[in-house]
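Reader: Hello! I would like to learn how to read a protein structure made of helices. Could you take me through one?

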Amino acid sequence: MKENEDKGWSPYIAGALSGIVSILSIWIAGKFFGASTTFVRSSGMIEKLFDPERVAKMEYFIKELPIIDWQWMFVAGIFIGSLIASTTSGSFRWKAVPDMWEARFGPSKVKRGFVAFIGGVIAMFGARLADG
Amino acid sequence: MTILIYGLITGILFGFLLQKGRVIRYDKQLGALRLTDMTIVKFMLTTILVSMVGVYLLKDLGLAKLSIKPTILGGVILGGLIFGVGWGLLGYCPGTSAGALGEGRWDAFWGILGMLTGAAIYAEVYPTIKQTVLTWGNYGKITLPQVLGINHWFIIPVFVIGGLVLFRWFEKKGL
């Protein structure tokens, strides 16, 4: 089945429910949705395994401590929630090359993986620069 | 500990809804960037509009505080442009990459590794960036109601109506 023929819920309904989840989160936990700070904290945690003294002195890791916090668990939760929703609806697919990519750039997993990695580096640098 | 459990539960609910809305896929994200499929715009904007009303209600009732980030034009404009290039190449954003992996689209794994690397590079150059780009056009923690000097309940309906008009247009055009 092509990705676009696989209909889920209306994006308006799913989006509105997400809005309600966000309001409840702000109300109950005082926490706003976010994801990119988690990548900073995780990088810091990985670097700490190799050189904890250096990480302890780095200004950005002092600002965003390399620890597991609310947002880190939130991002882990997104993975679990998506896994539950996809496996219970038969829309889980183990695949490494998206349809639209394959139609344009071919089936190579290496090519797709390489561009995804480079894209990730650039996207996160930009996201952090914009503080978003 | 409780706060970590709140984070996990909130994430599970949000991830579930992201997957149900079919918004975490490469094809959907690229569809939005290529202006051919507005599914993720519908999802995001609906979430924002609903949250906007709810959060300001909570604020007025004294039940929540806003979390306002400083408006720094240098960081936002340059960062936004750079993020856009990366997003177009990767086809997932930081939050949705975790969701994409959850529905088995494991090219997102390479994206996550890339994003960890990007975060590490940013941490290296942060002291320099802090003294340069992040000082360009810093307006501090401002909001639209504050800048315009009017009550937020005059601005929120404008956004809600604008959003609804846009949604109607999307549906008409079959986007």
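Reader: At roughly what angle do the axes of helix H2 (residues 36-50) of chain A and H5(A) cross?

Author: Happy to help, and please keep in mind that this is a predicted model. The axes of H2(A) and H5(A) cross at roughly 105 degrees and come within 9 Å. Angles from 65 to 115 degrees count as roughly perpendicular, so H2(A) is roughly perpendicular to H5(A).

Reader: Which residues meet there?

Author: From H2(A) come A:Thr37, A:Thr38 and A:Arg41, and they meet A:Gln71, A:Trp72 and A:Val75 of H5(A). Sorted by class, this contact has two nonpolar, three polar and one charged residues. There is a general idea behind such lists: an α-helix has 3.6 residues a turn, so residues three or four places apart point the same way.

Reader: What about a pair of helices from two chains? How do H5(A) and H1(B) cross?

Author: Helix H5 of chain A (residues 70-87) and helix H1 of chain B (residues 2-20) have axes that come within 6 Å and cross at roughly 40 degrees. That makes H5(A) oblique to H1(B). The crossing is right-handed, and the contact of these two helices has 20 nonpolar, ten polar and one charged residues.

Reader: How many residues does each chain give to the contact between the chains?

Author: In general, the size of an interface is often given as the accessible area lost when the parts come together. Here we can count residues instead: chain B gives 82 and chain A gives 84. On the side of chain B, the elements that give two or more residues are H1, H2, H3, H4, H5 and H6 of chain B. H6(B) has the largest share, with 18 residues. By class, this side of chain B divides into 48 nonpolar, 25 polar and nine charged residues.

Reader: Which residues have the most contacts inside the largest nonpolar core?

Author: They are A:Ala123, A:Met124, B:Ala119 and B:Ala123, in a core of 71 residues. H6(B) provides the largest share of this core, eleven residues. Take B:Ala119 as an example: leaving out residues up to four places away in sequence, B:Ala119 touches A:Phe39, A:Val40, A:Ser43, A:Met124 and A:Arg128.

Reader: Is H5(B) mostly covered or mostly open?

Author: Mostly covered: nine of its nine residues are buried. Among them are B:Pro94, B:Thr96 and B:Leu101. Their cover includes H2, H5 and H7 of chain A together with H1 and H6 of chain B. Just after H5(B), look for B:Gly104, which takes a positive phi of about 90 degrees.

Reader: And is B:Lys172 buried or exposed?

Author: Count its neighbours. A residue is exposed if 12 or fewer other C-beta atoms lie within 10 Å of its own. B:Lys172 has 8, so B:Lys172 is exposed. You will find B:Lys172 in helix H8 (residues 152-173) of chain B. The C-alpha atom of B:Lys172 is separated by 30 Å from that of B:Gly95, 77 residues apart along the chain.

Reader: To finish, how many helices and strands does chain B have?

Author: Chain B has eight helices and zero strands. Its C-alpha trace spans about 45 × 45 × 40 Å along its principal axes. Of the 175 residues in chain B, 45% are buried. Finally, take the contacts in chain B between residues at least 6 apart in sequence: 60% of these join residues at least 24 apart.

Methods:
Residues numbered from 1 in each chain as written. Chains lettered and ligands numbered in written order. Predicted model: local features only at pLDDT ≥ 70, side-chain atom pairs only at ≥ 80, totals over all residues. Axes fitted to C-alpha atoms, helices over the stretch in contact; angles between N-to-C directions. Helix = DSSP H or I, 4+ residues; strand = E, 2+ residues; numbered from the N terminus. Parallel < 35°, antiparallel > 145°, perpendicular 65-115°, else oblique. Left-handed = near helix turned anticlockwise from the far one by under 90°. Nonpolar A, V, L, I, M, F, W, Y, C, P; charged D, E, K, R; others polar. Contact = placed C-beta atoms within 7 Å. Core = buried A, V, L, I, M, F, W, Y, C linked by C-beta atoms within 7 Å. Buried ≥ 20, exposed ≤ 12 C-beta atoms within 10 Å, placed from the backbone.
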